[in-house]
Amino acid sequence: MNYGGEYVVPPAGEFVKSVVENNALVRSGRSESYDGEIIKVIEVENFPILGKVKFFLKHWDDEKTQNEMQAMGLNPSQGRPNMQSLHFVQIDESLRWRAAKTELEIEQKTALAAVDAFCTDYEDRIKALGGIGFFLGGIGPDGHVAFNCRGSDLHSTTRLTPVNYETQAAASTDLGGIEVARKSWVITIGMGTITSNPAGVALVFAAGDAKAKVVADSIQLPRSNLRPAGALADLPNARFYLTRSAATGLAARVLEDVREEAAKSAAGARGKSDMAKKVVMDLGVRLKKRLRDITAEDVHADALACALFTGCSAAVIKASEFLLSSRWSDEIHH
């Protein structure tokens, strides 16, 4: 992959880690993959870091920008990326029609046939180019990628399709409001379209804890039509780029944070930490118990709580009793 000149697609099935990606991993302090994750992940501290590419392109010749790019592993002396050899896909994301009327039925059938023909031709054109070499997108509240909503076939192709309410709501601003969005069908490339080129690169961005659950399900659970993003597990060069908050549902990463917290703190001080509060509060939610009703046995049985209160004996009881009988616990209940 040449960041200043021609884009070189990696051989099919070959794992590729660029200098930039490696630097991002080092900065994150994370591994790119943990047990139970079917898609590799790059974590960053916050949302603005995810938008650096646009900033770099706009300020490429600025000395400060070039120094920052070099620190990230980019070589600004090669010049701005050459985009001329790339084929960009811009999808008309909405297709609207009025309610069916008898005198228009023939016209509607003709129109629908034309749309289907367009989708087939579009898919053929992508395949003729060797498939999609680079895909960049986000993930919706129901886990949709492009407009492949929950329940979409993981091998789907370009098509005209309805969308569910979650997707309508997320797209309503662009489509002119929910009243317009709820009546709209869309044309979208399919998950099969995105993953048909085994050498393709697919990057999915997500920010904020509102996306944490759908991100976690897509990365940790088996591939399923209920989780369209899981289809990206077929691509060796697929990555999720996540903010820390969007990665809070990834169990192995959270456990790593908890173990680091446990290593830093003495047992008697853990009850004051935000990590300890969050772990015990989450435990209470899962068990449907009030904080003061959580027992040492409950802490023993929970991987995160047990890792936080290391020792899992007298230390567990001491730390959990501190948390659950403290004035902080009383304040929560009042």
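# A tour from helix α4 to the sheet

Start by selecting Glu-63 and Lys-64, which are exposed on the other side of helix α4 from the residues we turn to next. This is a predicted model, so colouring by confidence will be handy later on.

Now select the whole of α4, residues 63-72, and pick out Thr-65, Met-69 and Met-72, the buried residues of the helix. Look down the helix axis: these buried residues fall within an arc of 60°, so they line one face of α4. As background, an α-helix has 3.6 residues a turn, so residues three or four places apart point the same way.

**Zoom out to the chain**

Show everything as a cartoon. The chain has 15 helices and 6 strands. Of its 334 residues, 40% are buried. If you draw the contacts with a separation of 6 or more, 72% of them join residues 24 or more positions apart.

**Colour by confidence**

Switch the colouring to pLDDT. The mean for the chain is 75, and 72% of the residues reach 70 or more. Where is confidence lowest, and where is it highest? Helix α15, residues 327-333, has the lowest value, at a mean of 43, while helix α8, residues 191-195, has the highest, at 94. Two stretches deserve a cautious eye. Residues 88-100 have pLDDT below 50, and this stretch has 27 contacts in the model beyond near neighbours in sequence. Residues 326-334 also fall below 50, with 14 contacts in the model beyond near neighbours in sequence.

**Select the sheet**

Next, select β1, β2, β5 and β6. They form an open sheet of 4 strands in the order β1-β6-β5-β2, with parallel pairing. At the edges stand β1 and β2 (134-138); each has a single partner strand, so one side of each is left without a neighbour in the sheet. From one strand to the next, the twist averages 20°.

Walk across the sheet from β1, residues 40-44. This strand pairs with β6, residues 237-243, in the parallel sense over 5 bridges. To see the register, label Val-44, which stands opposite Thr-243 in β6. Although β1 is an edge strand, 4 of its 5 residues are buried, so β1 is largely enclosed by the rest of the structure.

Step over to β5, residues 201-206. Strands β5 and β6 run parallel and are joined by 6 bridges. Label Ala-206 here, and you will find its bridge partner in β6 at Leu-242.

**Add the helices that lie across it**

Bring in helix α1, residues 19-28. Helix α1 lies across β1 and β6, running at about 60° to β1. Then add helix α9, residues 212-220, which lies across β1, β5 and β6 and runs at about 155° to β6.

While α9 is selected, show the side chains of Lys-213 and Asp-217. They meet in a salt bridge, with 2.8 Å from N to O. The two are 4 residues apart in α9, so about one helical turn separates them. Lys-213 is exposed, with a relative accessible area of 61%, whereas Asp-217 is partly exposed at 23%.

**Finish at Glu-43**

Return to β1 and select Glu-43. Is this residue buried or exposed? Glu-43 counts as buried because its relative accessibility is 3%, under the 20% cut-off.

Which residues does Glu-43 meet in salt bridges? One is Arg-244, at 3.1 Å from N to O. That pair links distant parts of the chain: Glu-43 is in strand β1 and Arg-244 is in the loop between β6 and α10 (251-264), 201 residues apart. Arg-244 counts as partly exposed, at 22% relative accessibility.

Another is Arg-253, whose closest N and O atoms with Glu-43 are 2.8 Å apart. Since Arg-253 lies in helix α10 and Glu-43 in strand β1, the pair ties together parts that are 210 residues apart in sequence. Arg-253 counts as buried, at 1% relative accessibility.

For a last view, widen the selection to Arg-30, Glu-37, Glu-43, Arg-244, Arg-253, Glu-256 and Asp-257, which are linked in a network of salt bridges. A search of the whole structure finds 12 salt bridges, so keep the side chains switched on if you would like to look for others.

Notes: Residues numbered from 1 in each chain as written. Predicted model: local features only at pLDDT ≥ 70, side-chain atom pairs only at ≥ 80, totals over all residues. Heavy atoms only, no water. Buried < 20%, exposed > 50% of the residue type's maximum accessible area, 1.4 Å probe, protein only. Pairing = 2+ DSSP bridges. Axes fitted to C-alpha atoms, helices over the stretch in contact; angles between N-to-C directions. Contact = heavy atoms within 4.5 Å. pLDDT = per-residue confidence, 0-100. Salt bridge = Lys/Arg side-chain N within 4 Å of Asp/Glu carboxyl O. Arc of directions from axis to C-beta.
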